[in-house]
Structure formats: C-alpha cells, structure tokens
Amino acid sequence: MAALPGLALLLLLAWGGLPAAGQKRKEMVLSEKVNQLMEWASKRSVIRMNGDKFRRLVKAPPRNYSVIVMFTALQPHRQCVVCKQADEEYQILANSWRYSSAFTNKIFFAMVDFDEGSDVFQMLNMNSAPTFINFPAKGKPKRGDTYELQVRGFAAEQLARWVADRTDVNIRVIRPPNYAGPLMLGLLLAVVGGLVYLRGSNLDFLYNKTGWAFAALCFVLAMTSGQMWNHIRGPPYAHKNPHTGQVNYIHGSSQAQFVAETHIVLLFNGGVTLGMVLLHEAATSDMDVGKRKIMCIAGIGLVVLFFSWLLSVFRSKYHGYPYRYVSF
C-alpha cells in the first residue's frame, strides 16, 4: 500500500510530460518547415510545389505562416495565354516582397502547375487556371482568400492590395525599368520637332481643324471603350474555358471586362461615329443628290448595325435588359 503514492506520483509526472514532449515535437516540425521554405525562397521568390510539398508545407499543421499559391497551367501544350501573363505579374509581386527590407517568414509565395500537381487540383475541386488562393496561418481558407481574378485582374498592384487585406502584409510593388514609354514619347517629340523644322515657314497644318478633330475623336473613343480601366486593373485579353476550349471575348459580368472587349466596343463606337459623320456630310455637302442619297443610306446602315451590336454587348453583361434595336 505504501507504494501507491509513489506510483501515483510517477503517473502524474508521465502525464505532465507527454504534452510538453508533444509541444516540443510540434515546434521542431514547424521550425523544419520554416527553414525549408526560407531556403527555397532565398533561391527563388516563387516556390514551385508538387502534391507532396503542398500537402506537407501548406495543408498539414503546424503552420504559423501564410502561403499565397498560384494554381496555373504554364506548359505550352495547355495553351493558357492568361496563365503566362498572370505568372509575370505574380513573379513581380513575389520579387518585390523577397527583396524588400520588410521580408520575413510570415508569408511565402508558391506555385502549383497542373502538370506537376494535378492531384492538388483534384483535391481542391479546382477546374480553372490561373487561380490565386491564400492559405492563412491559422484555419482553412475562407471565401475572401480566393482572389477574384475576373473582377480585379492580375496586375501585381491589385494582387498586393488583396495580399495586404488577407495577411496584413503590405508589399510595395517594384517593377523592372520599362523604357518603352519614354522611347515612344521621345519618338513623338522628334517627329513633331522634325515637322516644325521642315515646315518652319508654313505652320498652317497646326491649325488644321480636321486633324485636331480626328485626334480628339480617337482619344475619346479610346477612353470611352475602357482603355484606362485596362491600364489600372490589368485584366486578361480574353478567357479560354479549359474544358471546352471556347474563348470568351466579352466578360459576363458588369463589374469586369476583358481587353478584347474594349477593342470590340471601340470598333462599334467608331462605326456609329462614322455613320453619323456620313449623315452629316449627306445633309450639308454640295455633292449631287445621288451621291448624297448613297451617303445617307450608308450612314443609316452603319448606325443601325453598330448600335445594335453595342446593345447586344450591353445585354450580355446586364442580364435581363429588355431593350434591343435590331434582333441579334
């Protein structure tokens, strides 16, 4: 009976030591994970992962770091143009974080290519690419942890805002130097300067109303078609369905658009404008009646045709819109 208190004491020590040993083992596993990720991140800003790496370093606990993962399909035979464009912006974002003074092991950037981790796509029930998901340090990804690519576009600045919202890590995007803009501006100034020099004695072309009106019209058409939105958001040119192979040039939502969509709207607006110009010329020119009738008919035809197409684009984005000009 005297041995019972000693046995109870041993049992208490054993039970008290088990949680401590488990916690120590957990800390060792976590340290190994962080060290492995830091080693890979020091060599490449975006860590490429297969199924085993993803399950061990992203899905399995313990984890005290967030991982931003881009699920993509970059192999040439996949013919995913958007994946390549998104990858370029993603690399810019990851490099901006990796080489910033604020770089820590709080967040890592990774990539899973379909041809290297198709099992991961199946595990997550994912059927489209590219897709960006934030795997937080604690818990499972929530709805907001999946990036809305079709709405925000894949520009590095937009991705950085989303990352800051989900992880509280602010990344200042630093892009490589791009000399295309300054070169084009220099070329334009050189052309203008050359014209002024060659025609210094006759600058009447600067007062040509038709030329200035055409330049202003081109600028207005470009801006009203959504070119500035493209510049700010950086949307994909179009979207190709990975299952059917069908390419969509018009975005189905009123909150987003493709680059191709702006080109289509620009063309349609230009057609309507040309029709209006022809109608004006038919009403005010001094040509014979026959030519003016032809211009009038052509103008009406252009306005009806292109305005109807514009309405069809509008109806495809605003579902339930009841009006149309000509049935298409």
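1. M111 belongs to strand β3 in this predicted model, and a good deal of the sheet's surroundings can be read from that one residue. M111 counts as buried because its relative accessible area is 2%, below the 20% that sets the limit for a buried residue. Leaving aside neighbours within four places in sequence, its contacts are V46, I47, R48, M49, M70, T72, L74, D87 and Q91. One of these, I47, stands 64 residues away from M111 along the chain, yet the C-alpha atoms of the two are separated by 6.0 Å.

2. The pairing of β3 with β1 gives these contacts a context. Strand β3 covers residues 107–113 and is joined to β1 by three bridges, the two strands running parallel. Within this pairing, V46 has F109 of β3 as its bridge partner. Helix α3, residues 81–98, lies across β1, β2 (66–72), β3 and β4, and its direction is at about 160° to that of β3. Helix α6, residues 156–167, also packs on the sheet, where it touches β2, β3 and β4 and makes an angle of about 25° with the direction of β4.

3. The sheet as a whole is open and has four strands in the order β1-β3-β2-β4, with mixed pairing. Its edges are formed by β1 (46–48) and β4 (131–135), each of which pairs on one side only. From one strand to the next, the twist averages 30°. In contrast to the parallel run of β1 and β3, β2 and β4 run antiparallel and are joined by five bridges; in that pairing, the bridge partner of M70 is F132 in β4. M70 is also one of the residues in contact with M111.

4. Is the edge strand β4 enclosed or open to the outside? Five of its five residues are buried, so β4 is largely enclosed by the rest of the structure. In a regular strand the side chains alternate between the two faces of the sheet. For β4, both faces are covered, with T131, I133 and F135 buried on one side and F132 and N134 buried on the other.

5. N134, located in strand β4, deserves a point of its own. N134 is classed as buried because its relative accessible area is 1%. Not counting residues up to four places away in sequence, N134 touches S66, V67, I68, P141, D145, W162, R166 and T167. Among these contacts, S66, V67 and I68 fall within the range given for β2 (66–72), while W162, R166 and T167 fall within helix α6 (residues 156–167).

6. Aromatic residues recur through the model, and a search of the whole structure finds 15 aromatic pairs. The rings of F268 and F306 have centres 6.0 Å apart and planes at 55°, so this pair is described as tilted. Because F268 lies in helix α10 (residues 259–284) and F306 in helix α11 (residues 289–317), the pair ties together parts that are 38 residues apart in sequence. F268 also forms a tilted pair with W309, at 5.4 Å centre to centre and 35° between the planes. That second pair again links helix α10 with helix α11, across 41 residues.

7. The surroundings of these rings can be compared by accessibility. F268 and F306 are both buried, and the relative accessibility of F268 is 11%. W309 is partly exposed, with a relative accessible area of 28%. Elsewhere, F54, F71, F114, F121 and F135 form one aromatic cluster; of these, F135 is among the buried residues of β4. The charged end of R98 sits over two rings, that of Y99 at 5.5 Å from its centre and that of F103 at 4.8 Å from its centre.

8. An unreviewed UniProt entry lists residues 179–198, 210–229, 264–282 and 294–314 under "transmembrane region". In the model, residues 264–282 are 100% helix and 0% strand, with the end C-alpha atoms 27 Å apart. Residues 294–314 are likewise 100% helix and 0% strand, and their end C-alpha atoms are 30 Å apart.

9. Some totals for the protein chain complete the note. Its secondary structure comes to 11 helices and six strands, and buried residues make up 33% of the 328 residues. Among contacts between residues at least 6 apart in sequence, 66% join residues at least 24 apart.

Notes. Residues numbered from 1 in each chain as written. Predicted model: local features only at pLDDT ≥ 70, side-chain atom pairs only at ≥ 80, totals over all residues. Heavy atoms only, no water. Pairing = 2+ DSSP bridges. Axes fitted to C-alpha atoms, helices over the stretch in contact; angles between N-to-C directions. Contact = heavy atoms within 4.5 Å. Buried < 20%, exposed > 50% of the residue type's maximum accessible area, 1.4 Å probe, protein only. UniProt positions renumbered as here; feature names shortened; annotations may be inferred. Phe/Tyr/Trp six-rings, centres within 6.5 Å; stacked < 30°, edge-to-face > 60°. Lys NZ or Arg CZ within 6 Å of the ring centre and 35° of its normal.
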